Amino acid sequence: MQLSKIHIVIIAVVVIAIVAVAAFMMTGNSNDEGEKVSVDAYSSDPILWIRGNADGDKDIDDNDVKVIEAVIAANGSYATYEWCDANNDNRIDQKDVDQVKAMIGKTAKKIAFKDIDGRVNDFTVRENVNIIAVNKCQAEDVLIIINTDKDSKIVGGDQQCKKYNNELCLNFGTDETKGEVLETGTKNGEVQAEVVSKLIKQYGHVEICLGSSSSYGSNLEADFGNDPAVSIVRLPSWEDGTLSGVMTYGYLFGGVLKNECWEQAEKYYSWYMKYYEPIVEEVAKIPVSERPHVLTLYVKDCYPGATNKVLSTTSGDYERSEVAGGNNVGDYFGTGYVSFTGDEMAACEKIKGIDIIFVEPSAIYGTDGKKGVIDAVQLGINELDGYITTDTKIYSISFMLTAGPGCVVSYVFFAQCCFPDNAVFKNYDANEVFKEYLELIGWDKRSDVSDICCYGPGFTTSPYN
């Protein structure tokens, strides 16, 4: 049967409509400026580990709404676009758009976030938070965030926090438990449930900040996972992903309300990027063949219980020199944290070549920080003398600045050591960057924290001289 002209016109209109819908599904919605926002704006690797952060940047805003709407229009699946699932119901639909709009409008009562163990949890939005920091790095994370917030406070810490910083425990517990600290014991230790319960009774609610369950508080979810007064927040700090950890803490504690906690998180982000981005950009310009061969290690007696250990590329949480262009030859000794002998060091020197050795003591606390880091250099020389060449430079930076939110200080220091003639890095002063960090966490007026964290460029050109 031959089609009439009117039928042809109708079919043409339908085809055009189908093509238009298909194009919309691929490109998504327009933003307020009329620019197309497509599913390509989605990021599966967000800085902020908050569900609803569809574009992966450091905030929740209208662009996230547009991305989620584009994903919905394209029938995008939860499996592909999980960060669009703002309300944590394993589907992407209008409810997610509504949740993000509630977060932007400061009316959201719950926030879904993904923790370091891969679990998605709901966090209750509160005007203030009472924090238990079960790791010294997490303690510094949250100190940055609540530095100017007088209503939020750290009300507890584990024995590691107390070991390195008694000040963290001043508000800890009731009068009956004053001075008590949480026991996490060895790796994968349990957090004392009875102590957490005492804090809940005193403060009404607590936010327990810590890393992965393989390292801390493996009992917490079983003991308090269903308690509405407890938020268990597992985010990276001593593990890789420090920036994501600090920013996500900041958003959970104040991002919906846009209070002081969030302002502090954004301040940290700006400080971090001020140094991190130029370092990464400069290092990218340097051929691998021109990058120094580097080892980072603990030397015995640098801190109580320390032994000689090399940090290989898989040590992860403390090996930061690679960010600053160091060519880590630690894998010669094995993986992770590896004990070594002088003969093994000599063999590595001969086979791989060693240009720089970074020694990591724990000298920050106390007023003799400079002596601590200089002593660490001398310990390194004493331990390795005769096993490495006199051309190898040995520098020191406190390991307290190579893990957790202060890691930016080590990026600067390592970059200066690796490329002392670089025009960008010459403008940096690691100890000045350290002072900026102390100001961020509110420790700049403390007399028991050293004002020096490293010994290297600016102090000596070669420790052997």
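## Aspartate 59 and its partner

Aspartate 59 has a relative accessible area of 17%, so it counts as buried. In this predicted model, its side chain meets that of lysine 258 in a salt bridge, with 2.8 Å from N to O. Aspartate 59 sits in the loop between helix H1 (5–27) and helix H2 (62–73), while lysine 258 sits in the loop between helix H8 (242–254) and helix H9 (260–284), so the contact ties together parts that are 199 residues apart in sequence.

The lysine end of the pair has a bit of access to the outside: lysine 258 is partly exposed, at a relative accessible area of 30%. Here we have a loop-to-loop link with a buried aspartate and a partly exposed lysine.

## A buried pair at strand S1

Next up is the salt bridge between lysine 114 and glutamate 82, whose side chains come to 3.0 Å, N to O. This one also links distant parts of the chain, with lysine 114 in strand S1 (residues 110–114) and glutamate 82 in the loop between H2 and helix H3 (94–104), 32 residues apart. Are these two buried or exposed? Lysine 114 and glutamate 82 are both buried.

## Arginine 234 and the network

Arginine 234 and glutamate 221 make another side-chain salt bridge, at 2.9 Å from N to O. Arginine 234 belongs to strand S6 (residues 230–234) and glutamate 221 to helix H7 (residues 220–224), so this strand and helix are tied together by residues 13 apart in sequence.

How do the two ends compare for exposure? Arginine 234 is at 0% relative accessibility, so it is classed as buried. Glutamate 221, at 26% relative accessibility, is classed as partly exposed.

Which residues share a salt-bridge network with Glu221 and Arg234? They are Asp115, Asp117 and Arg119, linked with Glu221 and Arg234 in a network of salt bridges. Across the whole structure, a search turns up 17 salt bridges.

## Negative charge on the surface

Now for some acidic residues on the outside. Glu127, Asp151, Glu260 and Glu263 form a negative surface patch. One of them, aspartate 151, lies in the loop between helix H4 (136–146) and strand S4 (153–157). Aspartate 151 counts as exposed because its relative accessibility is 52%, and the cut-off for that class is over 50%.

That gives two settings for an aspartate here: aspartate 59 is buried and at 17%, whereas aspartate 151 is exposed and at 52%. Aspartate 59 is in a salt bridge with lysine 258, and aspartate 151 is part of the negative patch.

Conventions
Residues are numbered from 1 along each chain as its sequence is written. This is a predicted model: local features need pLDDT of at least 70, side-chain atom pairs count only at pLDDT 80 or more; totals for chains, interfaces and linings use all residues. Side-chain values use heavy atoms; hydrogens and water are left out. Patches are made of residues with over 30% relative accessible area and no salt bridge: like charges are joined within 9 Å, nonpolar side chains (Val, Leu, Ile, Met, Phe, Trp, Tyr) within 5 Å. Accessible areas come from the Shrake-Rupley method with a 1.4 Å probe; for residues, only the protein chains shown count as cover. A salt bridge is a side-chain nitrogen of Lys or Arg within 4 Å of a carboxyl oxygen of Asp or Glu. Lys and Arg count as positive and Asp and Glu as negative; His and the chain ends are not counted. The place of a charge is taken as NZ of Lys, CZ of Arg, CG of Asp or CD of Glu. Helices (H or I, at least four residues) and strands (E, at least two) are DSSP runs, numbered from the N terminus. Buried means under 20% relative accessible area, exposed over 50%, partly exposed in between (1.4 Å probe, protein chains only).
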